[in-house]
Amino acid sequence: MNIQIQTPHVRFNEELNEVITQKLEKAFDTYPFITNCKVFLKLEEQASNDRCEVEIYLHLSQKELFASNKANTFQEALPAVVDKLKRQVERYKQKVYTKP
C-alpha cells in the first residue's frame, strides 16, 4: 500500500508522519485490494474549536473510500478517521468477496 501525506499550508514534524504511516499500515495492511492511500492534513484558522482536520482517501481495486474528522490536534482526529474507514472496508469486503 502506497501512502501519500499532503499538508497544504501546514508544517508538521516527521514524528507525526511516522504515527500516521504506522497507524494506517497496522489497520489496512491485511487487505490486498487497497492500492493507494492519500492523507490530507488541514488546519482551519477561523474556527476556535476543532481546528485540525484529517481526510483520508483509500483507493481500492474497484472503488474509492473517504472519511474525515475534525479535532483539536491531528493525533486526536486520526483514530476516528481510521475507525470510520475500517468499517467501510469491512462492508466493501463483505459485499464484494462473499458468494451469494
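Me: In this predicted model, is Cys52 buried or exposed?
Reply: Let's start from the number: Cys52 has a relative accessibility of 7%. The cut-off for buried is under 20%. That puts Cys52 on one side of the line, so it counts as buried.

Me: And what about Cys37, buried or exposed?
Reply: Same kind of check here. Cys37 sits at 0% relative accessibility, and buried means under 20%. So Cys37 counts as buried.

Me: How many disulfides does the structure hold?
Reply: A disulfide is a covalent bond between the sulfur atoms of two cysteines. To count as one here, the sulfurs must be within 2.5 Å. For Cys37, the nearest cysteine sulfur is that of Cys52, and it is 18 Å away. Cys37 is in no disulfide, nor is Cys52, and the count for the structure is zero.

Me: What is the order of the strands in the open sheet?
Reply: The sheet has four strands and its pairing is mixed. E1 (2-6) and E4 (64-71) stand at the edges, each with a single partner strand, so one side of each has no neighbour in the sheet. Neighbouring strands are turned by 15° against each other on average, ignoring direction. Read across, the order is E1-E2-E3-E4.

Me: In which sense do E1 and E2 pair?
Reply: Strands of a sheet can pair either parallel or antiparallel. Five bridges link E1 with E2 (residues 34-43). Gln4 has Lys38 as its bridge partner in E2, and Gln6 stands opposite Phe40. The sense of this pairing is parallel.

Me: How many bridges join E2 to E3?
Reply: These two strands run antiparallel. One facing pair to look for is Ile34, which stands opposite Leu60 in E3. The number of bridges joining E2 to E3 is nine.

Me: Which hand does the β-α-β unit have?
Reply: Three pieces make up this unit: E1, helix H1 (residues 14-28) and E2. Its two strands, E1 and E2, pair in the parallel sense. The unit is left-handed.

Me: At about what angle does helix H2 run to E4?
Reply: Find H2 at residues 74-97, lying across E2, E3 (52-60) and E4. E4 is one of the edge strands of the sheet. The angle between H2 and E4 is about 155°.

Methods: Residues numbered from 1 in each chain as written. Predicted model: local features only at pLDDT ≥ 70, side-chain atom pairs only at ≥ 80, totals over all residues. Heavy atoms only, no water. Pairing = 2+ DSSP bridges. Axes fitted to C-alpha atoms, helices over the stretch in contact; angles between N-to-C directions. Contact = heavy atoms within 4.5 Å. Buried < 20%, exposed > 50% of the residue type's maximum accessible area, 1.4 Å probe, protein only. Right-handed = clockwise from strand over helix to strand, strands pointing away.
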